[in-house]
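Hi,

Here is the structure I said I'd pass on. Have a look at it first, and my notes follow underneath.

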Amino acid sequence: MTKKLYIPGPVEVSADVLEAMATPMIGHRTKDYAELHRSVSEGLQKLLNSSEPVFLSTSSAFGVMEGAVRNLVQKRCACFANGAFSKKWHDVAQRCGLEADLFSAEWGQPVTAEMVDQALAGGKYDAMTVVHNETSTGVMSPLEDIAEVMKKYPEVSFIVDTVSSMSAVPIDVTALEVDVCLAGVQKAFGLPPGLAVFSVSRRALDKARTTPGRGYYFDFEEFEKNAEKHNTPSTPCISQIYALQHQLRKMFAEGLENRYARHRQMAEATQAWLMGQGFGLYAAEGARSMTLTTGVNDGRTDLEQLKKLAGERGYAMDNGYGKIKNQTFRIPHMADFTMADMTEYFTLLEELLPQVRK
Ligand SMILES: *Cc1c(COP(=O)(O)O)cnc(C)c1O
């Protein structure tokens, strides 16, 4: 049975997006593709306030996460972590044969500007990675504060994963002086998985050219050269790029401010609903995500069973990620979801909860 997805990625995809994906195929070395690529890249540039073209990668987000460190770590990378995705990034860097150190905050807590400042103060690093919105925990770290500190370290490439926040909250890569800002499209963009988008600053493009061993598939220089012709180094997932063009048009038609406000409203409603049902909130106050909320089990709810019952009713529920599975559960509120979708889910869970609580 097809279920409505209430998991934080891949998220529920609207029918009109799926339809856009069914646009007839074109060759990627054609004028038609160049026009499509230009329109999508420009839409993303506008979304992120990027002065450089935004690149399209036919890969999931981890492809570009790996690519970013391969292009920009020449000396040593500081990887900041407060959950599963950010921790994995350190592992990725090491598996690429790069020197990398892990700096961890507790799960549920944000990565702070002080933490970053302390780690970088010794001058050991020429790159850092941070995840803006930790999807495993529902924690949004203070990107603006971190960016302020990063201005003290212009020699350190500032690499940011905004996989589950890009387009849901304002991110101005020029003002923040972010070197790489990347996202996969199956979270806040509301597309099927398989495409990643990323901005790269001028200084990072220049640095990348001097980095040895950066491979081919994610070589930033290749992306830059091809972007001049509104194209990609290798054959892109054209169907998804059509769908992204469609989503970007919808976003600008909604208005970015309205889109951000819609996410905030859903986040606040979800936090209030969880507390009203006797659950706790996992993310620290002040660091709660605008795109998903992690509830803490009250100790008397069988989340596994709740997920099963929700599944039987046609809803895919999340019951926590990794080491906090079943102790927590995550409710997504991103992409095309509106308050009506949240109310629909809350109503379902309120009906099922008495059956799974001791
Ligand atoms: C989902 C996610 C990823 C991994 O994305 P893939 O598409 O599986 O490569 C990385 N970082 C964050 C914050 C995510 O939410």
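Before the notes, one cut-off you'll need: a residue counts as buried when its relative accessible area is under 20%. Also keep in mind that this is a predicted model.

With that cut-off, Thr129 is an easy call: its relative accessibility is 0%, so it is buried. You'll find Thr129 in strand β5, which covers residues 127–131. What does Thr129 touch, once its neighbours within four places in sequence are set aside? The contacts are Val69, Cys77, Ala78, Cys79, Phe80, Trp89 and Ile159.

Next, the pocket, which may be the part you open up first. The largest pocket comes out at about 500 Å³. Its lining has 23 residues, and the ones closest to the centre are His132, Met140, Val169, Arg264 and Met290. Three elements give two or more residues each to that lining: α6 (143–150), α7 (173–176) and α11. Of these, α11 gives the most, with five residues. As for chemistry, the pocket lining splits into 12 nonpolar, five polar and six charged residues.

Helix α11 turns up again in the next bit. The helix spans residues 256–276 and lies across β11, β12 and β14, running at about 10 degrees to β12. Those strands make an open sheet of three, in the order β11-β12-β14, with antiparallel pairing. Why do β11 and β14 each have one side without a neighbour in the sheet? Both β11 (280–281) and β14 (328–332) stand at the edges with a single partner strand each, so one side of each is left free of a neighbour there. β11 pairs with β12 (residues 292–296) in the antiparallel sense, over two bridges. If you want to see this in the viewer, go to Gly280, whose bridge partner in β12 is Val296.

Last, the enclosed spaces. How many cavities of 30 Å³ or more are there? The count is three, and the largest cavity holds about 60 Å³ of space. Around the largest cavity sit Leu56, Ser57, Thr58, Tyr217, Phe218, Phe223, Thr232, Pro233, Ser234 and Pro236. That lining is made up of six nonpolar and four polar residues, with no charged ones. The lining of the largest pocket, by contrast, does include charged residues, six of them.

That's what I have for now. Shout if anything is unclear.

Cheers

Note on methods: Residues numbered from 1 in each chain as written. Predicted model: local features only at pLDDT ≥ 70, side-chain atom pairs only at ≥ 80, totals over all residues. Heavy atoms only, no water. Pairing = 2+ DSSP bridges. Helix = DSSP H or I, 4+ residues; strand = E, 2+ residues; numbered from the N terminus. Contact = heavy atoms within 4.5 Å. Axes fitted to C-alpha atoms, helices over the stretch in contact; angles between N-to-C directions. Buried < 20%, exposed > 50% of the residue type's maximum accessible area, 1.4 Å probe, protein only. 1 Å grid on protein atoms, 1.4 Å probe; cavity = no way out; pocket = protein on both sides within 12 Å on 5 of 7 lines; lining within 4 Å. Points joined across faces, edges and corners; volume = space filled by probe spheres on them. Nonpolar A, V, L, I, M, F, W, Y, C, P; charged D, E, K, R; others polar.
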